[in-house]
Amino acid sequence: MENEVLKTIVERRSIPRFREKEILPGVVEKILEAGRWAPSYANLQPWEFIVVRDPETKGKLSAVAEKVTLYRRGIQNADVVIVVAADPEVYPLHYREDAAVTVQNITLAAHSLGVASYWIGIPEGGPGSAESLTKEILGIPNEFSVVAILPLDYPDPTYKRQKERRPLREMVHYERYGNTRSS
Ligand SMILES: Cc1cc2nc3c(=O)[nH]c(=O)nc-3n(C[C@H](O)[C@H](O)[C@H](O)COP(=O)(O)O)c2cc1C
């Protein structure tokens with residue numbers, strides 16, 4: 001594929017297995033910079049990025065992530081973990097979409113720089129939930145929402161990347177829902 005952006009989008013995969021190498025200096029900053037440039041409702045940028053390198057904290061986050069249905073491990077083995085939180089008070093109607101967009105920027109930027117990641121989705125939850133425990137561990141204000149935990153490291157080359165997508169013809173509707181043919 002000629003276009004680098006399209007290539008990055010199509011080839012990015014969630015990878016929970018890493019080579020366990022230190023990410024080169026400056027790379028995490030470039031990845032965060034991509035997050036900073038995400039679009040958001042009225043450019044309100046309600047997100048905060050918590051960058052975790054401390055092994056003990058990673059261990060605690062890993063234990064919390066066990067509460068999330070799809071958890072596939074990997075946090076402790078990742079060199080860096082970025083936790084994305086958002087402040088609903090900035091604008092309560094769109095903060096989660098805003099946060100999701102920045103997470104996507106981060107994962108795409110990481111992939112484009114040879115760094116693997118995967119999105120551990122943190123659903124909103126009350127006391128004892130993965131969200132609440134993550135806030136406690138990282139000192140995130142209680143009124144914020146934790147949207148994702150993103151382990152980052154160089155990918156284990158033996159990890160089998162997979163995942164197809166539904167074909168476009170099944171998801172595209174022309175003019176009205178149900179018209180799946182363009183003419
Ligand atoms: C909102 C959201 C939450 C996700 N939560 C998890 C998760 O908790 N654990 C996990 O292993 N993957 C999680 N993923 C990653 C998806 O499983 C993955 O993106 C999907 O299977 C497609 O695979 P691919 O990213 O390799 O193309 C999440 C993705 C999104 C967008």
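Visitor: Why is Val-10 called partly exposed?

Guide: In this predicted model, Val-10 has a relative accessibility of 46%. Buried would require under 20% and exposed over 50%, so a value of 46% makes Val-10 partly exposed. The residue is found in helix α1.

Visitor: What makes Ile-9 partly exposed?

Guide: Ile-9 has a relative accessibility of 41%. Partly exposed covers what is neither under 20% nor over 50%, and Ile-9 therefore belongs to that class. Ile-9 lies in helix α1, which spans residues 4-11.

Visitor: Which residues form the nonpolar patch on the surface with Ile-9 and Val-10?

Guide: Met-1, Val-5 and Leu-6 join Ile-9 and Val-10 in that patch. Together the five residues have about 490 Å² of accessible area.

Visitor: How do you know that Ile-9 and Val-10 pass the accessibility condition for such a patch?

Guide: A patch residue must have over 30% relative accessible area. Ile-9, at 41%, passes because its value is over that cut-off, and Val-10 passes with 46%.

Visitor: Which pocket do Ile-9 and Val-10 line?

Guide: Both line the second largest pocket, together with Arg-12, Arg-13, Gln-104, Lys-163, Glu-164 and Arg-165. About 170 Å³ of space lies in this pocket.

Visitor: What makes 5 residues of that lining charged?

Guide: Asp, Glu, Lys and Arg count as charged, so Arg-12, Arg-13, Lys-163, Glu-164 and Arg-165 fall in that class. The lining also has 2 nonpolar residues and 1 polar residue. Ile-9 and Val-10 are the nonpolar ones, because Ile and Val count as nonpolar.

Visitor: How much space lies in the largest pocket, and which residues are closest to its centre?

Guide: The largest pocket holds about 440 Å³ of space. Of its 21 lining residues, Ser-14, Leu-70, Arg-72, Tyr-118 and Trp-119 are the closest to the centre. The elements α4 (95-112) and β4 (120-121) each give two or more residues to the lining. By class, the lining divides into 7 nonpolar, 7 polar and 7 charged residues.

Visitor: Why is Glu-20 called exposed?

Guide: The relative accessibility of Glu-20 is 52%. Exposed means over 50%, so Glu-20 meets the condition. Glu-20 lies in the loop between α1 and α2 (27-36), and has a positive phi of about 55 degrees although it is not a glycine.

Visitor: What makes Ala-42 exposed?

Guide: Ala-42 has a relative accessible area of 56%, and because the cut-off is over 50%, Ala-42 counts as exposed. Its place is in the loop between α2 and β1 (47-52). Ala-42, not a glycine, has a positive phi of about 50 degrees.

Terms used:
Residues are numbered from 1 along each chain as its sequence is written. This is a predicted model: local features need pLDDT of at least 70, side-chain atom pairs count only at pLDDT 80 or more; totals for chains, interfaces and linings use all residues. Side-chain values use heavy atoms; hydrogens and water are left out. Patches are made of residues with over 30% relative accessible area and no salt bridge: like charges are joined within 9 Å, nonpolar side chains (Val, Leu, Ile, Met, Phe, Trp, Tyr) within 5 Å. Accessible areas come from the Shrake-Rupley method with a 1.4 Å probe; for residues, only the protein chains shown count as cover. A salt bridge is a side-chain nitrogen of Lys or Arg within 4 Å of a carboxyl oxygen of Asp or Glu. Helices (H or I, at least four residues) and strands (E, at least two) are DSSP runs, numbered from the N terminus. Buried means under 20% relative accessible area, exposed over 50%, partly exposed in between (1.4 Å probe, protein chains only). On a 1 Å grid over the protein atoms alone, a cavity is a set of points where a 1.4 Å probe fits but cannot get out, and a pocket is an open set with protein on both sides within 12 Å along at least five of seven lines; lining residues have an atom within 4 Å of a point. Grid points are joined across faces, edges and corners, and a volume is the space filled by probe spheres set on the points.
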